[in-house]
Amino acid sequence: MKLRIGQGYDVHRLEAGRPFVLGGIAIPHTHGPAGHSDGDVLIHAICDALLGAANLRDIGYHFSDKDPQYKGMDSKVFLRRVVEMVRECGYEISNIDATVVLEMPKVNPHVPHMQEVMAGVLNIRPEDISVKATTSERMGFVGREEGVAVFAVALLYKILDGSARI
Ligand code: MG
């Protein structure tokens, strides 16, 4: 078996009146992530972790934030395309683990719903995608509620036959 690990990181500014989209769902809040797409920072970090594990560059390389076709785009579209690219390389997802760094709104009550939605897009089991939440202890841009950051890792695997190149 061939294993490959990847990591992803993303940050978005929070702006008043924007919908708070995270992990493929909308969470009620006064502010939401700014962005060319829907600003789903969790999905963006997971896309980069998956792309990194497969050595397929990064999300901005495939889905430019200058491209008008992606304006306001549901980031689940990016996630679906990324997992297709990973599978075209012969890899399957072993598991994904992500940490959301955010003061408000609270993420934990929404984690099971996010797991269900993202697992559905990726065609994996919800237990294979972990979402954790922490704050920044009121320090820095996260602490001032100016932004949200996400770290993610993904592990891919490929079952090799005797002739496969690793
Ligand atoms: Mg982003």
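Tyr 9 sits in strand β1, which covers residues 2-16 of this predicted model. With a relative accessibility of 42%, Tyr 9 counts as partly exposed. Tyr 9 also belongs to a nonpolar patch on the surface, shared with Val 11, Phe 141 and Phe 151, and together these residues offer about 350 Å² of accessible area.

Next comes the metal site. The magnesium ion has three protein donors, namely Asp 10 through OD, His 12 through NE2 and His 44 through ND1, at 2.1 to 2.3 Å from the ion. Along the chain, the donors of the magnesium ion follow the spacing D-x1-H-x31-H. His 12 belongs to strand β1 and His 44 to helix α1, so this pair ties together parts of the chain that are 32 residues apart in sequence. Both His 12 and His 44 are buried.

As for the interior, nonpolar side chains in soluble globular proteins tend to be buried together. Here the largest nonpolar core counts 48 residues, and Leu 42 and Leu 50 are the ones that touch the most other members. At least two residues of this core come from each of β2 (20-22), β3 (25-27), α1, α3 (75-88), β5, α4, β6 (129-134) and β7 (147-158). Helix α1 chips in the largest share, ten residues. Setting aside residues up to four places away in sequence, Leu 50 touches Leu 79, Val 82, Val 86, Ile 93, Ile 96, Leu 122, Ala 154 and Leu 156.

On to the charged pairs. Side chains of opposite charge can pair when their charged atoms come close. The structure holds twelve salt bridges. One of them joins the side chains of Asp 97 and Lys 132, at 2.9 Å from N to O. This pair links distant parts of the chain, with Asp 97 in strand β5 and Lys 132 in strand β6, 35 residues apart. Asp 97 counts as partly exposed because its relative accessibility is 25%, and Lys 132 is likewise partly exposed, at 34%. Beyond neighbours within four places in sequence, Asp 97 is in contact with Ser 130, Lys 132, Phe 151, Ala 152 and Val 153. The C-alpha atoms of Asp 97 and Ala 49 are separated by 9.5 Å, with their positions 48 residues apart along the chain.

Other salt bridges involve partners a short step along the chain. Glu 127 pairs with Arg 125, their closest N and O atoms being 3.8 Å apart. In that pair Glu 127 is exposed, at 56% relative accessibility, while Arg 125 is partly exposed, at 48%. Arg 144 and Glu 146 also meet through their side chains in a salt bridge, at 2.9 Å from N to O. Arg 144 is exposed, with a relative accessible area of 52%, whereas Glu 146 is partly exposed, at 39%. There is a network as well: Arg 81, Glu 84 and Glu 88 are joined by salt bridges that share partners.

A few backbone oddities round things off. The peptide bond from Met 104 to Pro 105 is cis, with omega near 0°, and Pro 105 is found in the loop between β5 (92-101) and α4 (111-122). Asn 55 is not a glycine, yet its phi is positive, at about 55°. Asn 55 is found in the loop between α1 (41-53) and α2 (59-62) and counts as exposed, at 59% relative accessibility. Arg 57, in the loop between α1 and α2, has a positive phi of about 65° without being a glycine. Arg 57 is exposed too, with 54% relative accessibility.

Definitions and conventions:
Residues are numbered from 1 along each chain as its sequence is written. This is a predicted model: local features need pLDDT of at least 70, side-chain atom pairs count only at pLDDT 80 or more; totals for chains, interfaces and linings use all residues. Side-chain values use heavy atoms; hydrogens and water are left out. Helices (H or I, at least four residues) and strands (E, at least two) are DSSP runs, numbered from the N terminus. Buried means under 20% relative accessible area, exposed over 50%, partly exposed in between (1.4 Å probe, protein chains only). Patches are made of residues with over 30% relative accessible area and no salt bridge: like charges are joined within 9 Å, nonpolar side chains (Val, Leu, Ile, Met, Phe, Trp, Tyr) within 5 Å. Accessible areas come from the Shrake-Rupley method with a 1.4 Å probe; for residues, only the protein chains shown count as cover. A salt bridge is a side-chain nitrogen of Lys or Arg within 4 Å of a carboxyl oxygen of Asp or Glu. Donors are N, O and S atoms within 2.8 Å of the metal (3.2 Å for Na, K and Ca); water is not among the atoms, so sites may look incomplete. A nonpolar core is a set of buried Ala, Val, Leu, Ile, Met, Phe, Trp, Tyr and Cys residues joined through side-chain atoms within 4.5 Å. Contact means heavy atoms within 4.5 Å.
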